[in-house]
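Subject: Structure handover and findings

Hello,

Here is the structure I promised. Please load it first, then read the notes below.

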Amino acid sequence: MRMKERLGRWVEFWTGPVEALPLRIFEVAFAGTFLLRLTRNFPVAEWLTEEGFHLTSAEWATLGYPAAFPLLPLWGAWLYVAGMAAAWLVLMLRPGWRRWALGALFVGAVYAQGVDYLSASSANKQSIMVFAILLTGPGLWRDITTGRWMVSAATVRALQATLLVLYFSAGWAKAFAGDWLKYSDVLFTQVQGVHRSEVAAWALRT
């Protein structure tokens, strides 16, 4: 009986109902950061249209990448950005249309990756993965007794497990496949890298 109870608690932990509000806050905030990352590649004329510099299919193949996705006309580039912003607003304001919005954001993240592999950071790959988990996970429902929105814990646990795997594998690679354990000034050299913020620059000087 104890084994059955333990198994029941284990299943409840992984798939049981939990309040959906924390997940909703996360997905809206995460989609917002995706939009902010898109602004890193502005102006769109240089990023998504033929006006900017783009490698040919043969050059992508030399680098080990498949051919890039088709480029857009200028109006199409701005329509893409507007579509991503609209999907974020729908995700935030219309929970009933949540899957449609997540589907649009997933497609947008895949396009951002495929149109220019070198301009898409690892954060964009994470966006593709997170949007896929949110899109394919169980839907929301309203508890008839409390009136609260609920969701299966499966989506939450999948995101938590993904976070653990990402950080563990990144740390392992940097420590044992990389050189983070070989030098005592790794933090110093990383803080003054290309991702340095104003606060980090101040901390480095001070």
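With which residue does Arg-98 form a salt bridge, and how far apart are the closest N and O atoms? The partner is Glu-27, and the closest N and O atoms are 2.8 Å apart. Keep in mind throughout that this is a predicted model.

**The charged network**

Start with that pair. Arg-98 sits in helix H6 and Glu-27 in helix H2, so the bridge ties together parts of the chain that are 71 residues apart in sequence. Both residues are buried. Arg-98 has a relative accessible area of 3%. Glu-27 comes out at 0%, which puts it in the buried class too.

Glu-27 has a second partner. It forms a salt bridge with Arg-24, with 2.7 Å between the closest N and O atoms. Arg-24 also belongs to helix H2, which covers residues 21-38. Glu-27 and Arg-24 are three residues apart in that helix, so about one helical turn separates them. Arg-24 has 11% relative accessibility and therefore counts as buried; the cut-off for buried is under 20%. Taken together, Arg-24, Glu-27 and Arg-98 are linked in a network of salt bridges.

What else is around the two arginines? The side chain of Arg-24 has a polar atom 3.3 Å from the backbone oxygen of Met-92. Beyond four places in sequence, Arg-24 is in contact with Leu-91, Met-92, Pro-95, Arg-98 and Leu-140. Arg-98 is in helix H6, residues 98-115. With residues up to four places away left out, Arg-98 touches Leu-23, Arg-24, Glu-27, Leu-91, Leu-134, Pro-138, Gly-139 and Leu-140. Leu-91 and Leu-140 appear among the contacts of Arg-24 and also among those of Arg-98.

**The other salt bridge**

How many salt bridges does a search of the whole structure find? It finds three. One of them, between the side chains of Arg-148 and Glu-19, has an N to O distance of 2.7 Å. This pair links distant parts of the chain, 129 residues apart. Arg-148 is in the loop between strand S2 (140-142) and strand S3 (149-152), while Glu-19 is in strand S1 (residues 17-19). Arg-148 is partly exposed, at 46% relative accessible area. Glu-19 is partly exposed as well, at 35%.

**Overall build**

The chain has 10 helices and three strands. From the N terminus, the order is α-β-α-α-α-α-α-α-β-β-α-α-α. The radius of gyration is 21 Å, well over the 17 Å that the globule rule gives for 206 residues, so the chain is more spread out than a compact globule. Its C-alpha trace spans about 65 × 50 × 40 Å along the principal axes.

Of the 206 residues, 30% count as buried. Among contacts with a separation of 6 or more, 67% come from residues 24 or more positions apart. The chain exposes about 13,700 Å², and carbon and sulfur atoms supply 68% of that area.

**Surface and loops**

Which residues form a nonpolar patch on the surface? They are Leu-7, Trp-10, Val-11, Phe-13 and Trp-14, with about 520 Å² of accessible area together. Val-11 lies in helix H1, residues 2-15. Its relative accessible area is 41%, so Val-11 is partly exposed.

Phe-42 is in the loop between H2 and helix H3 (44-48). Phe-42 has 34% relative accessibility and counts as partly exposed. Outside its neighbours within four places in sequence, Phe-42 is in contact with Trp-78 and Val-81.

Last, Gly-83. This residue is in helix H5, residues 74-93. Gly-83 is partly exposed, with a relative accessible area of 31%. Its C-alpha is 33 Å from that of Val-199, and the two residues are 116 apart in sequence.

Best regards

Notes. Residues numbered from 1 in each chain as written. Predicted model: local features only at pLDDT ≥ 70, side-chain atom pairs only at ≥ 80, totals over all residues. Heavy atoms only, no water. Helix = DSSP H or I, 4+ residues; strand = E, 2+ residues; numbered from the N terminus. Buried < 20%, exposed > 50% of the residue type's maximum accessible area, 1.4 Å probe, protein only. Polar contact = N/O pair within 3.5 Å; in protein donor to acceptor, adjacent residues only side chain to side chain. Contact = heavy atoms within 4.5 Å. Patch = residues over 30% accessible without salt bridge, like charges linked within 9 Å, V, L, I, M, F, W, Y side chains within 5 Å. Areas by Shrake-Rupley, 256 points an atom, 1.4 Å probe, with all protein chains shown as cover. Salt bridge = Lys/Arg side-chain N within 4 Å of Asp/Glu carboxyl O. Rg over C-alpha atoms; globule rule 2.2 N^0.38 Å.
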